[in-house]
Amino acid sequence: SLMYRTVATSKLSGDLRTLEGIDLSSAVTAEFSTPHVLSGGVAFSLLHHALTVAGELHVMFYEASNQKQTLHLEAFAGTPLGTADIPFLWQNAFSLRFGVDYQINRLFAVRGGYVPSSSATTDAGAQPVTPPPAWSHSFSAGFGASWKSFAVDFALQTAFSSAHVGPSTDPN
């Protein structure tokens, strides 16, 4: 397989309100773009087509999108207040995707997968609202049942990463 996804840009708008201290509330607009993505993968069958093994490389070109988030602020009366930049300092990221599917019989199948992923977040651009600047790992397991034109799948997925953003104030 081969897949390319282009940038998609969304226009955002809303109210920015301060919760404590000096009231700096204002209307705000911004744009946010998803990155270009390129993927390629292979799959093959074994054991008389009962076992399918698949792998994919997924590359996300974050360096070309959203190096910073620019907020355009204006007073609620429509008077421009200026802009505020939130630096992301993203880097390109990729993931490897591996999966297996075993068809037990015509009705039932079991599945599993593993995805190691690099982070688009750099150490310099890490923030509490972005993924941590480290590798993450995702594991999934599930089963499926099919009968005539009806199919149902169940899966459990877990993911983890071992990184943090700055010094923690939480003793736990």
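Is L47 buried or exposed? In this predicted model, L47 has a relative accessible area of 57% and is therefore exposed, the cut-off being over 50%. The residue sits in the loop between β4 and β5 (51-61). Helpfully, L47 also leads straight to a broader surface feature: together with F44, L46, Y102, I104, L107, F108, V110, F143, W147 and F154, L47 makes a nonpolar surface patch of about 1100 Å². Three strands, β4 (36-46), β9 (108-117) and β10 (136-147), each supply at least two residues of this patch.

Turning from the surface to the interior, the largest nonpolar core consists of 6 residues, namely V37, M60, F88, W90, A93 and A120. Of these, W90 deserves a closer look. With a relative accessibility of 10%, W90 counts as buried, because the limit is under 20%. Leaving aside residues up to four places away in sequence, W90 touches F32, Y62, E63, S65, N66, Q67, A120, T121 and T122.

Aromatic pairing adds to this picture, with 7 such pairs found across the whole structure. One of them joins F32 and W90, whose ring centres are 6.2 Å apart and whose planes stand at 90°, so the arrangement is edge-to-face. Since F32 belongs to strand β3 (residues 26-33) and W90 to the loop between β7 (80-87) and β8 (93-103), the pair ties together parts that are 58 residues apart in sequence. The two partners differ in exposure: F32 is partly exposed, with a relative accessible area of 30%, whereas W90 is buried. Ring pairs also link both residues with Y62 and F88 into a cluster.

Methods. Residues numbered from 1 in each chain as written. Predicted model: local features only at pLDDT ≥ 70, side-chain atom pairs only at ≥ 80, totals over all residues. Heavy atoms only, no water. Patch = residues over 30% accessible without salt bridge, like charges linked within 9 Å, V, L, I, M, F, W, Y side chains within 5 Å. Areas by Shrake-Rupley, 256 points an atom, 1.4 Å probe, with all protein chains shown as cover. Salt bridge = Lys/Arg side-chain N within 4 Å of Asp/Glu carboxyl O. Helix = DSSP H or I, 4+ residues; strand = E, 2+ residues; numbered from the N terminus. Buried < 20%, exposed > 50% of the residue type's maximum accessible area, 1.4 Å probe, protein only. Core = buried A, V, L, I, M, F, W, Y, C linked by side-chain atoms within 4.5 Å. Contact = heavy atoms within 4.5 Å. Phe/Tyr/Trp six-rings, centres within 6.5 Å; stacked < 30°, edge-to-face > 60°.
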